[in-house]
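Please work through the exercises below with the sequence and the structure at hand, and try each task before reading its solution.

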Amino acid sequence: MAALVIGGDKIDSIKDELFAQGETDVAHWDGRKHGEKNNVIPKNTQRIVVLTNYVNHSLVGKIKKEAKRLNIPIEYTKNSRRYMTYAT
């Protein structure tokens, strides 16, 4: 399974948690650059984690729309693994 993390700068603890939950590939967009809203969600993505503390709001709107279209679950969390919710 693959996950996309949007937001944050140092996401090592989030990556560790995702790997512990069975993810095999974790992509990361820092979510601050305006041009990132032109990025395409990787085809193998099965889960999106948005770090709400550090993200461009227009990017989140685009991702939310695309994730709904592609039927990919989104988790919203602070930049800490202890706040992560677990998708089913």
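The exercises that follow deal with a helix, with salt bridges and with nonpolar cores.

This is a predicted model, in which local features need pLDDT of at least 70 and side-chain atom pairs count only at pLDDT 80 or more, while totals for chains, interfaces and linings use all residues. Residues are numbered from 1 along each chain as its sequence is written, and side-chain values use heavy atoms, with hydrogens and water left out.

**Exercise 1. Check the span of helix α2 (residues 57–70) against the expected value.**

Step one is to settle the terms: helices (H or I, at least four residues) and strands (E, at least two) are DSSP runs, numbered from the N terminus. The expected span of a helix is 1.5 Å times one less than its number of residues. Step two applies this to α2, whose 14 residues should span 20 Å. In step three we compare this with the end C-alpha atoms, which are 20 Å apart, so the two values agree.

**Exercise 2. Find which residues of α2 are buried and which exposed residues lie on the face turned away from them.**

Begin with the cut-offs: buried means under 20% relative accessible area, exposed over 50%, and partly exposed in between (1.4 Å probe, protein chains only). By this rule L59, V60, I63 and A67 are buried in α2. Seen down the helix axis, the buried residues fall within an arc of 95° (taken from the directions from the axis to the C-beta atoms), so they line one face of α2. The face turned away from this buried side carries the exposed residues H57, K65, K68 and R69. Finally, what covers the buried residues of α2 includes the strands β1 (2–6), β2 (25–29), β3 (45–51) and β4 (74–77).

**Exercise 3. Describe the salt bridges R32 with D9, R47 with E75, and E66 with R69.**

A salt bridge is a side-chain nitrogen of Lys or Arg within 4 Å of a carboxyl oxygen of Asp or Glu, and by this rule the count comes to four.

- R32 and D9 meet at 3.3 Å, N to O. This pair links distant parts of the chain, since R32 is in the loop between β2 and β3 while D9 is in the loop between β1 and α1 (12–20), 23 residues apart. R32, at 44% relative accessibility, counts as partly exposed, and so does D9 at 47%.
- R47 and E75 have their closest N and O atoms 2.5 Å apart. R47 lies in strand β3 and E75 in strand β4, 28 residues apart. R47 counts as buried at 5% relative accessibility, and E75 is buried with a relative accessible area of 5%.
- E66 and R69 have their closest N and O atoms 2.9 Å apart. Both lie in α2, three residues apart, which is about one turn of the helix. E66 is partly exposed at 23%, whereas R69 counts as exposed at 59%. As a last step, salt bridges that share partners join E23, R47 and E75 into one network.

**Exercise 4. Which element supplies the largest share of the largest nonpolar core?**

A nonpolar core is a set of buried Ala, Val, Leu, Ile, Met, Phe, Trp, Tyr and Cys residues joined through side-chain atoms within 4.5 Å. The largest such core has twelve residues, including L4, W29, I48 and L59. Next, β1, β3 and α2 each supply at least two residues of this core, and the largest share, four residues, comes from α2. A second, separate core of eight residues includes A3, I11, I14 and V49.

Note on methods:
Contact = heavy atoms within 4.5 Å.
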